[in-house]
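Colleague: Before I rely on any of the terms used for this model, I would like to go through them one by one and hear the reasoning behind each.

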Amino acid sequence: MDLFPIFLKLTGRRCLVVGAGNLAESKIESLRAAHADVTVIAPEARPRIAEMAASGEITWIQREFTAGDVAEDLFLVVTATNVGAVNRAVYLEAQAKNIICNAVDDPPFCDFYFPSVVRRGDLQIAISTAGASPALAQRLRKEINAQLPLDTGDWLTDLGNLRREVTQMEPLNEERKLLLHQLAQREVCGYDGCPSRVLARQHAKTNPLPAIEEQK
Ligand SMILES: C[C@@]1(CC(=O)O)C2=NC(=C\c3[nH]c(c(CCC(=O)O)c3CC(=O)O)Cc3[nH]c(c(CC(=O)O)c3CCC(=O)O)/C=C3\N/C(=C\2)[C@@H](CCC(=O)O)[C@]3(C)CC(=O)O)/[C@H]1CCC(=O)O
Ligand SMILES: NC(=O)c1ccc[n+]([C@@H]2O[C@H](COP(=O)([O-])OP(=O)(O)OC[C@H]3O[C@@H](n4cnc5c(N)ncnc54)[C@H](O)[C@@H]3O)[C@@H](O)[C@H]2O)c1
(Lines give C-alpha, C1' and ligand atoms only; values in the text may rest on other atoms or scores of the structure.)
(Ligands and ions follow the chains in the order given, each with its own letter.)
Protein backbone atom coordinates (compact mmCIF):
# COMPACT_ATOMS: atom_id res chain seq x y z
CA MET A 1 0.00 0.00 0.00
CA ASP A 2 1.44 3.39 -0.97
CA LEU A 3 0.89 5.68 2.01
CA PHE A 4 1.92 9.33 2.03
CA PRO A 5 4.19 10.15 5.00
CA ILE A 6 3.66 13.58 6.50
CA PHE A 7 4.28 15.59 9.71
CA LEU A 8 1.21 17.67 10.52
CA LYS A 9 1.05 20.97 12.40
CA LEU A 10 -1.91 20.47 14.76
CA THR A 11 -1.49 23.42 17.12
CA GLY A 12 -4.94 24.78 17.90
CA ARG A 13 -6.65 22.52 15.36
CA ARG A 14 -9.92 21.02 16.54
CA CYS A 15 -9.68 17.24 16.84
CA LEU A 16 -12.37 14.82 18.02
CA VAL A 17 -11.69 11.55 19.83
CA VAL A 18 -14.66 9.22 20.30
CA GLY A 19 -14.11 6.80 23.18
CA ALA A 20 -11.94 7.33 26.25
CA GLY A 21 -10.44 3.92 26.97
CA ASN A 22 -6.92 2.49 26.71
CA LEU A 23 -6.39 3.10 23.03
CA ALA A 24 -8.04 6.54 23.08
CA GLU A 25 -5.69 7.57 25.89
CA SER A 26 -2.54 7.03 23.83
CA LYS A 27 -4.08 8.82 20.82
CA ILE A 28 -5.12 11.78 23.02
CA GLU A 29 -1.58 11.95 24.48
CA SER A 30 -0.04 12.08 21.02
CA LEU A 31 -2.54 14.69 19.77
CA ARG A 32 -1.88 16.81 22.87
CA ALA A 33 1.89 16.48 22.39
CA ALA A 34 1.27 18.34 19.11
CA HIS A 35 -0.92 20.93 20.93
CA ALA A 36 -4.15 19.93 19.21
CA ASP A 37 -7.44 21.26 20.61
CA VAL A 38 -8.97 17.93 21.69
CA THR A 39 -12.62 17.14 22.43
CA VAL A 40 -13.50 13.66 23.69
CA ILE A 41 -16.95 12.09 23.52
CA ALA A 42 -17.46 9.01 25.73
CA PRO A 43 -19.75 7.96 28.57
CA GLU A 44 -16.78 6.74 30.66
CA ALA A 45 -13.15 7.78 30.67
CA ARG A 46 -9.86 6.40 31.98
CA PRO A 47 -8.58 8.34 35.00
CA ARG A 48 -5.82 10.12 33.04
CA ILE A 49 -8.34 11.36 30.46
CA ALA A 50 -10.77 12.52 33.19
CA GLU A 51 -7.83 14.34 34.84
CA MET A 52 -6.90 16.14 31.60
CA ALA A 53 -10.55 17.19 31.23
CA ALA A 54 -10.72 18.40 34.84
CA SER A 55 -7.61 20.53 34.35
CA GLY A 56 -9.03 22.06 31.16
CA GLU A 57 -6.38 20.55 28.91
CA ILE A 58 -9.06 18.81 26.85
CA THR A 59 -12.86 18.95 26.65
CA TRP A 60 -14.79 15.83 27.64
CA ILE A 61 -18.42 15.50 26.60
CA GLN A 62 -19.65 12.72 28.87
CA ARG A 63 -22.15 10.79 26.79
CA GLU A 64 -22.36 8.33 23.90
CA PHE A 65 -21.60 9.43 20.35
CA THR A 66 -24.69 10.57 18.44
CA ALA A 67 -25.15 11.26 14.74
CA GLY A 68 -24.13 14.84 13.94
CA ASP A 69 -21.27 14.93 16.50
CA VAL A 70 -18.69 15.19 13.72
CA ALA A 71 -18.78 18.99 13.38
CA GLU A 72 -17.83 20.65 10.09
CA ASP A 73 -14.97 22.63 11.67
CA LEU A 74 -13.06 19.53 12.84
CA PHE A 75 -9.63 18.91 11.33
CA LEU A 76 -9.21 15.27 12.30
CA VAL A 77 -11.17 12.50 14.01
CA VAL A 78 -10.08 9.38 15.91
CA THR A 79 -12.63 6.81 16.96
CA ALA A 80 -11.55 4.30 19.60
CA THR A 81 -14.67 2.90 21.25
CA ASN A 82 -15.00 -0.80 22.02
CA VAL A 83 -18.04 -0.96 19.69
CA GLY A 84 -17.11 -1.59 16.06
CA ALA A 85 -20.45 -0.32 14.75
CA VAL A 86 -19.98 3.01 16.56
CA ASN A 87 -16.44 3.42 15.19
CA ARG A 88 -17.72 2.77 11.69
CA ALA A 89 -20.59 5.25 12.06
CA VAL A 90 -18.11 7.90 13.19
CA TYR A 91 -15.84 7.12 10.25
CA LEU A 92 -18.72 7.34 7.72
CA GLU A 93 -19.86 10.67 9.14
CA ALA A 94 -16.31 12.08 8.96
CA GLN A 95 -15.92 10.79 5.42
CA ALA A 96 -19.18 12.46 4.36
CA LYS A 97 -17.76 15.74 5.68
CA ASN A 98 -14.31 15.26 4.13
CA ILE A 99 -12.60 15.08 7.52
CA ILE A 100 -9.81 12.53 7.88
CA CYS A 101 -10.55 9.78 10.40
CA ASN A 102 -8.78 6.85 12.06
CA ALA A 103 -10.90 4.04 13.49
CA VAL A 104 -8.27 2.38 15.67
CA ASP A 105 -7.27 -1.12 14.67
CA ASP A 106 -9.84 -1.12 11.83
CA PRO A 107 -7.81 -0.52 8.62
CA PRO A 108 -10.70 -0.27 6.11
CA PHE A 109 -12.08 2.54 8.29
CA CYS A 110 -8.87 4.57 8.47
CA ASP A 111 -7.86 7.46 6.21
CA PHE A 112 -4.49 7.46 7.98
CA TYR A 113 -2.61 5.10 10.29
CA PHE A 114 -0.77 5.96 13.48
CA PRO A 115 2.95 5.27 13.21
CA SER A 116 5.30 3.95 15.84
CA VAL A 117 7.46 6.90 16.93
CA VAL A 118 10.94 7.40 18.36
CA ARG A 119 11.30 10.90 19.73
CA ARG A 120 14.18 13.09 20.90
CA GLY A 121 13.04 16.71 21.14
CA ASP A 122 12.28 18.00 17.66
CA LEU A 123 13.62 14.83 16.08
CA GLN A 124 10.90 12.28 15.36
CA ILE A 125 11.37 9.00 13.54
CA ALA A 126 7.98 7.63 12.50
CA ILE A 127 7.73 3.99 11.43
CA SER A 128 4.94 2.52 9.33
CA THR A 129 4.41 -0.96 7.98
CA ALA A 130 1.13 0.17 6.36
CA GLY A 131 -0.71 -2.21 8.67
CA ALA A 132 1.26 -5.29 7.55
CA SER A 133 2.74 -5.79 11.03
CA PRO A 134 2.22 -3.29 13.88
CA ALA A 135 4.32 -5.65 16.02
CA LEU A 136 7.27 -5.14 13.64
CA ALA A 137 6.78 -1.35 13.78
CA GLN A 138 6.92 -1.61 17.58
CA ARG A 139 10.04 -3.79 17.54
CA LEU A 140 11.87 -1.43 15.16
CA ARG A 141 10.92 1.49 17.42
CA LYS A 142 12.50 -0.28 20.38
CA GLU A 143 15.65 -1.11 18.40
CA ILE A 144 16.09 2.45 17.09
CA ASN A 145 15.28 3.86 20.52
CA ALA A 146 18.01 1.75 22.10
CA GLN A 147 20.57 2.98 19.55
CA LEU A 148 19.77 6.68 19.43
CA PRO A 149 21.63 8.66 22.12
CA LEU A 150 19.35 10.23 24.74
CA ASP A 151 20.84 13.70 24.20
CA THR A 152 20.16 13.75 20.44
CA GLY A 153 17.32 16.25 20.99
CA ASP A 154 19.63 18.70 22.82
CA TRP A 155 22.25 18.30 20.14
CA LEU A 156 19.64 19.01 17.44
CA THR A 157 18.55 22.17 19.27
CA ASP A 158 22.16 23.42 19.22
CA LEU A 159 22.59 22.41 15.60
CA GLY A 160 19.37 24.23 14.65
CA ASN A 161 20.56 27.42 16.39
CA LEU A 162 23.93 27.19 14.68
CA ARG A 163 22.27 26.63 11.30
CA ARG A 164 20.16 29.75 11.86
CA GLU A 165 23.34 31.75 12.61
CA VAL A 166 24.99 30.45 9.45
CA THR A 167 21.97 31.06 7.21
CA GLN A 168 21.64 34.60 8.56
CA MET A 169 25.32 35.35 7.92
CA GLU A 170 25.98 33.61 4.63
CA PRO A 171 24.33 33.62 1.24
CA LEU A 172 22.76 30.43 -0.08
CA ASN A 173 25.53 28.83 -2.13
CA GLU A 174 27.29 25.50 -2.54
CA GLU A 175 29.83 26.38 0.18
CA ARG A 176 27.10 27.05 2.73
CA LYS A 177 25.37 23.80 1.84
CA LEU A 178 28.65 21.89 2.29
CA LEU A 179 29.26 23.55 5.66
CA LEU A 180 25.75 22.66 6.89
CA HIS A 181 26.29 19.05 5.90
CA GLN A 182 29.63 19.09 7.72
CA LEU A 183 28.05 20.54 10.86
CA ALA A 184 25.32 17.90 10.82
CA GLN A 185 28.04 15.26 11.23
CA ARG A 186 29.63 16.83 14.27
CA GLU A 187 28.57 17.37 17.82
CA VAL A 188 27.68 21.00 18.50
CA CYS A 189 28.25 22.10 22.05
CA GLY A 190 26.92 25.06 23.96
CA TYR A 191 30.16 26.92 24.65
CA ASP A 192 31.56 29.58 22.36
CA GLY A 193 34.83 27.76 21.63
CA CYS A 194 33.03 24.64 20.39
CA PRO A 195 34.88 23.39 17.27
CA SER A 196 31.67 23.32 15.20
CA ARG A 197 30.87 26.93 16.10
CA VAL A 198 34.46 28.01 15.37
CA LEU A 199 34.27 26.27 12.00
CA ALA A 200 30.96 27.96 11.18
CA ARG A 201 32.26 31.40 12.14
CA GLN A 202 35.52 31.01 10.21
CA HIS A 203 33.49 29.96 7.23
CA ALA A 204 31.20 32.97 7.58
CA LYS A 205 34.20 35.31 7.60
CA THR A 206 35.45 33.98 4.30
CA ASN A 207 31.96 33.84 2.72
CA PRO A 208 30.24 37.01 3.91
CA LEU A 209 26.70 37.87 2.82
CA PRO A 210 26.76 40.58 0.15
CA ALA A 211 26.00 44.01 1.56
CA ILE A 212 22.29 44.84 1.72
CA GLU A 213 22.68 47.15 -1.30
CA GLU A 214 24.11 44.32 -3.42
CA GLN A 215 21.26 41.98 -2.45
CA LYS A 216 18.61 44.37 -3.83
C1 LIG B 1 2.14 1.52 15.50
C2 LIG B 1 0.95 1.54 16.44
C3 LIG B 1 0.66 2.98 16.75
C4 LIG B 1 -0.53 3.22 17.63
O5 LIG B 1 -1.45 2.40 17.75
O6 LIG B 1 -0.54 4.35 18.18
C7 LIG B 1 -0.16 0.79 15.76
N8 LIG B 1 -0.39 -0.36 16.38
C9 LIG B 1 0.43 -0.52 17.45
C10 LIG B 1 0.57 -1.68 18.19
C11 LIG B 1 -0.15 -2.92 18.02
N12 LIG B 1 -1.34 -3.02 17.42
C13 LIG B 1 -1.72 -4.35 17.43
C14 LIG B 1 -0.71 -5.10 18.13
C15 LIG B 1 -0.73 -6.62 18.40
C16 LIG B 1 0.24 -7.33 17.47
C17 LIG B 1 -0.13 -7.29 15.99
O18 LIG B 1 -1.31 -7.47 15.63
O19 LIG B 1 0.81 -7.11 15.18
C20 LIG B 1 0.28 -4.19 18.47
C21 LIG B 1 1.56 -4.48 19.24
C22 LIG B 1 1.26 -4.60 20.71
O23 LIG B 1 0.65 -3.68 21.27
O24 LIG B 1 1.64 -5.63 21.28
C25 LIG B 1 -2.98 -4.88 16.94
C26 LIG B 1 -3.57 -4.36 15.69
N27 LIG B 1 -3.28 -3.17 15.08
C28 LIG B 1 -4.05 -3.04 13.96
C29 LIG B 1 -4.90 -4.18 13.89
C30 LIG B 1 -5.98 -4.40 12.87
C31 LIG B 1 -5.55 -5.23 11.70
O32 LIG B 1 -4.37 -5.55 11.53
O33 LIG B 1 -6.45 -5.59 10.94
C34 LIG B 1 -4.58 -5.02 14.96
C35 LIG B 1 -5.18 -6.35 15.32
C36 LIG B 1 -6.32 -6.10 16.34
C37 LIG B 1 -7.01 -7.36 16.72
O38 LIG B 1 -6.47 -8.46 16.53
O39 LIG B 1 -8.14 -7.22 17.23
C40 LIG B 1 -4.03 -1.93 13.05
C41 LIG B 1 -3.24 -0.81 13.11
N42 LIG B 1 -2.32 -0.53 14.09
C43 LIG B 1 -1.62 0.55 13.73
C44 LIG B 1 -0.74 1.22 14.57
C45 LIG B 1 -1.89 0.93 12.31
C46 LIG B 1 -0.83 0.33 11.39
C47 LIG B 1 0.60 0.63 11.85
C48 LIG B 1 1.64 -0.05 11.02
O49 LIG B 1 1.52 -1.20 10.65
O50 LIG B 1 2.63 0.62 10.73
C51 LIG B 1 -3.25 0.28 12.07
C52 LIG B 1 -3.44 -0.29 10.66
C53 LIG B 1 -4.39 1.28 12.24
C54 LIG B 1 -4.27 2.21 13.42
O55 LIG B 1 -4.77 1.83 14.49
O56 LIG B 1 -3.73 3.35 13.23
C57 LIG B 1 1.17 0.70 17.74
C58 LIG B 1 2.63 0.46 18.15
C59 LIG B 1 3.03 1.55 19.09
C60 LIG B 1 4.39 1.34 19.63
O61 LIG B 1 4.52 0.58 20.59
O62 LIG B 1 5.31 1.98 19.12
N1 LIG C 1 -6.54 -2.27 24.23
C2 LIG C 1 -5.96 -3.09 23.37
O3 LIG C 1 -4.82 -3.52 23.54
C4 LIG C 1 -6.68 -3.51 22.11
C5 LIG C 1 -6.01 -4.33 21.20
C6 LIG C 1 -6.65 -4.67 20.03
C7 LIG C 1 -7.91 -4.20 19.77
N8 LIG C 1 -8.56 -3.42 20.66
C9 LIG C 1 -9.87 -2.91 20.32
O10 LIG C 1 -9.79 -1.48 20.25
C11 LIG C 1 -11.01 -0.93 20.75
C12 LIG C 1 -10.77 0.04 21.93
O13 LIG C 1 -10.02 -0.61 22.95
P14 LIG C 1 -9.83 0.00 24.41
O15 LIG C 1 -8.98 -0.95 25.16
O16 LIG C 1 -9.42 1.40 24.30
O17 LIG C 1 -11.33 -0.12 24.98
P18 LIG C 1 -11.89 0.31 26.39
O19 LIG C 1 -12.96 -0.67 26.75
O20 LIG C 1 -10.80 0.62 27.34
O21 LIG C 1 -12.60 1.71 26.08
C22 LIG C 1 -13.75 1.83 25.33
C23 LIG C 1 -14.21 3.28 25.42
O24 LIG C 1 -15.26 3.49 24.49
C25 LIG C 1 -16.29 4.24 25.12
N26 LIG C 1 -17.55 3.98 24.42
C27 LIG C 1 -18.27 2.85 24.35
N28 LIG C 1 -19.37 3.06 23.61
C29 LIG C 1 -19.35 4.34 23.21
C30 LIG C 1 -20.23 5.15 22.41
N31 LIG C 1 -21.36 4.68 21.89
N32 LIG C 1 -19.89 6.44 22.19
C33 LIG C 1 -18.75 6.94 22.72
N34 LIG C 1 -17.88 6.21 23.46
C35 LIG C 1 -18.20 4.94 23.70
C36 LIG C 1 -16.29 3.75 26.54
O37 LIG C 1 -16.93 4.68 27.40
C38 LIG C 1 -14.78 3.70 26.79
O39 LIG C 1 -14.31 4.97 27.13
C40 LIG C 1 -11.85 -2.13 21.13
O41 LIG C 1 -12.65 -2.44 20.01
C42 LIG C 1 -10.88 -3.23 21.38
O43 LIG C 1 -11.48 -4.48 21.17
C44 LIG C 1 -7.96 -3.06 21.82
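Modeller: Let me begin with the shell around ligand 2, whose residues divide into ten nonpolar, five polar and three charged. Please keep in mind throughout that this is a predicted model.

Colleague: What makes Ala 20, Asn 22, Leu 23, Glu 44 and Phe 65 stand out around ligand 2?

Modeller: Ligand 2 is surrounded by 18 residues, and these five are the closest of them; a residue is counted when one of its heavy atoms lies within 4 Å of the ligand.

Colleague: How do you know that Asn 22, Leu 23 and Phe 65 make polar contacts with ligand 2?

Modeller: The cut-off is 3.5 Å between N or O atoms. A backbone N or O atom of Asn 22 lies 3.1 Å from an oxygen atom of the ligand, and for a backbone N or O atom of Leu 23 the distance to a ligand oxygen is 2.8 Å. In the case of Phe 65, a polar backbone atom is 2.9 Å from a nitrogen atom of ligand 2, so each of these pairs meets the criterion of 3.5 Å. Of the 840 Å² of accessible area that ligand 2 has on its own, the protein covers 65%.

Colleague: Why is ligand 2 said to sit in a pocket, and which one?

Modeller: The term requires that more than half of the ligand's atoms lie within 2 Å of the pocket's grid points, and ligand 2 is assigned on that basis to the second largest pocket. Ligand 1, for its part, sits in the largest pocket.

Colleague: What makes you list Asn 102, Ser 116 and Arg 141 as polar contacts of ligand 1?

Modeller: The same reasoning can be followed here. A polar side-chain atom of Asn 102 lies 2.9 Å from an oxygen atom of ligand 1, while side-chain N or O atoms of Ser 116 and Arg 141 are 2.3 Å and 2.4 Å from a ligand oxygen, respectively. These values are therefore within the limit of 3.5 Å. The protein covers 62% of the 1100 Å² of accessible area that ligand 1 has on its own.

Colleague: Why is ligand 1 described as lying between two domains?

Modeller: Because domain 1 (1–114) and domain 2 (115–148) both give residues to its shell. Helix 4 (residues 134–147) supplies the largest share of that shell, four residues.

Note on methods:
Residues numbered from 1 in each chain as written. Chains lettered and ligands numbered in written order. Predicted model: local features only at pLDDT ≥ 70, side-chain atom pairs only at ≥ 80, totals over all residues. Heavy atoms only, no water. Polar contact = N/O pair within 3.5 Å; in protein donor to acceptor, adjacent residues only side chain to side chain. Areas by Shrake-Rupley, 256 points an atom, 1.4 Å probe, with all protein chains shown as cover. 1 Å grid on protein atoms, 1.4 Å probe; cavity = no way out; pocket = protein on both sides within 12 Å on 5 of 7 lines; lining within 4 Å. Helix = DSSP H or I, 4+ residues; strand = E, 2+ residues; numbered from the N terminus. Domains from an automatic or database assignment. Nonpolar A, V, L, I, M, F, W, Y, C, P; charged D, E, K, R; others polar.
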